[in-house]
Amino acid sequence: MSAAPARPAGLSVFFPAYNDSGTIASMVIRVVQAASKLTPDYEVIVVNDGSVDATPEIVDELARTYSHVRVVHHPKNRGYGGALQTGFRSATKELIFYTDGDAQYDPAELAVLWEKMTPDVDLVNGYKISRSDPLHRIIIGRIYHHIVSLLFGLTVRDVDCDFRLMRRSIFERIDLEKTSGVICLEMMTKITDAGFRIVEVPVHHYHRAFGKSQFFNFPRIGKTGVDVLRLWYELVIRRKHRRADVRPLIGSSEPIDPAFPNPPRP
């Protein structure tokens, strides 16, 4: 008698969304279609990070329409890192995929990452085939990538490509603390240092059709530089994340407020 085929892994998808009213509905609908082709056991989570446009009403309507969709609302904006922390904490399935709600990536390409998630892989990291951004953003992005790769010893092609499929078990071993955009650098450094196995796949990147970037404006460049240097001191000099008393992002026994899933540190 032949063995029954293995059940596909469970999948949590989440979108951090801030003032993405023009794109979030199409992103959610598209990822529902993509995920349903990969596994029957999936959920889609939208983390509304204190949006002040119509995003809250749109995502609530999506949750009423699609049974696999649920929403976590931040009453106030907590920053990109805060939204990612909420997404990872809210995920309940074996695999977690996330991308941004601004439609610069195509959720249908999740299938490409899924194909590469073999038993000996912990993280499938997308990298942009060609960056569809204004020239100054491309230049700043390349400079940033080379600097942080050198400072943190990273070998991935694209630290800040927010199109990732990973095992939930990663967050039973690592913690994420940053609430700004440097959380991606923090995450990839900690994942690399913990010895998780990473593969990379090319994905398409599209022009922003709605809204504007929260990161690439000149007042934020200086702040980002300071955040990177602080993170470098913590992770490379102090090697803080290698301490035995660091709590994982997932697996804490503390109760979690659904509006603020990442409790304050003592």
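**Figure 1. Overview of the chain.** Of the 266 residues in the chain, 49% are buried, where buried means under 20% relative accessible area, exposed over 50% and partly exposed in between (1.4 Å probe, protein chains only). This is a predicted model, in which local features need pLDDT of at least 70, side-chain atom pairs count only at pLDDT 80 or more, and totals for chains, interfaces and linings use all residues. Residues are numbered from 1 along each chain as its sequence is written, and side-chain values use heavy atoms, with hydrogens and water left out. You can follow seven helices and seven strands through the chain, in the order β-α-β-α-β-α-β-α-β-α-β-α-β-α from the N terminus. Helices (H or I, at least four residues) and strands (E, at least two) are DSSP runs, numbered from the N terminus. Among contacts (heavy atoms within 4.5 Å) with a separation of 6 or more, 82% join residues 24 or more positions apart. The accessible surface comes to about 13,000 Å², with 57% of it belonging to carbon and sulfur atoms; areas come from the Shrake-Rupley method with a 1.4 Å probe, and for residues only the protein chains shown count as cover.

**Figure 2. The largest nonpolar core.** A nonpolar core is a set of buried Ala, Val, Leu, Ile, Met, Phe, Trp, Tyr and Cys residues joined through side-chain atoms within 4.5 Å. The largest one here has 36 residues, and Phe88, Tyr98, Met166, Phe171 and Leu185 have the most contacts inside it. At least two residues of this core come from each of strand S2 (42-49), helix H3 (79-90), strand S4 (95-99), helix H5 (135-152), H6 and H7. H6 gives the largest share, six residues. A second, separate core has 32 residues, including Val13, Phe97, Trp114 and Val201. As background, nonpolar side chains tend to be buried together in soluble globular proteins.

**Figure 3. The surroundings of Met166.** Leaving out residues up to four places away in sequence, Met166 touches Phe88, Glu94, Leu95, Ile96, Tyr98, Met117, Asp122, Leu123, Phe171 and Met187. Phe88, Tyr98 and Phe171 may be familiar from the previous view, since they too are among the residues with the most contacts inside the largest nonpolar core.

**Figure 4. The largest cavity.** On a 1 Å grid over the protein atoms alone, a cavity is a set of points where a 1.4 Å probe fits but cannot get out, and a pocket is an open set with protein on both sides within 12 Å along at least five of seven lines; lining residues have an atom within 4 Å of a point. Grid points are joined across faces, edges and corners, and a volume is the space filled by probe spheres set on the points. By this rule there are two cavities of 30 Å³ or more, and the largest has a volume of about 60 Å³. Its lining consists of Glu177, Lys178, Glu186, Lys190, Leu231, Glu234, Leu235, Lys240, His241 and Val246. Helix H6 (183-193) and helix H7 (218-237) each supply at least two of these residues, with the largest share, three residues, coming from H7. By class, three lining residues are nonpolar, one is polar and six are charged; Ala, Val, Leu, Ile, Met, Phe, Trp, Tyr, Cys and Pro count as nonpolar, Asp, Glu, Lys and Arg as charged, and the others, Gly among them, as polar.

**Figure 5. The second largest pocket.** This pocket holds about 160 Å³ of space. Around it sit Arg173, Ile174, Asp175, Lys190, Asp193, Ala194, His241, Arg242, Arg243 and Val246. The lining has six charged, three nonpolar and one polar residue. Lys190, His241 and Val246 line this pocket and also appear in the lining of the largest cavity.

**Figure 6. His145 in helix H5.** His145 lies in helix H5 and counts as buried because its relative accessibility is 18%. Beyond four places in sequence, His145 touches Val156, Arg157, Asp158 and Val159. Asp160 is 15 residues from His145 in sequence, and their C-alpha atoms are 8.1 Å apart.

**Figure 7. Ala108 beside Arg30 and Ala34.** Ala108 is found in the loop between S4 and helix H4 (110-116) and is partly exposed, at a relative accessible area of 30%. Setting aside neighbours within four places in sequence, Ala108 contacts Arg30 and Ala34. From Ala108 to Arg30 the C-alpha distance is 6.7 Å, across 78 residues of sequence.

**Figure 8. Positive phi at Asn19 and Arg239.** Asn19 is not a glycine, yet has a positive phi of about 55 degrees; look for Asn19 in the loop between strand S1 (11-17) and helix H1 (24-38). Arg239, also not a glycine, has a positive phi of about 50 degrees. Arg239 sits in the segment after H7 and counts as partly exposed, at 41% relative accessibility.
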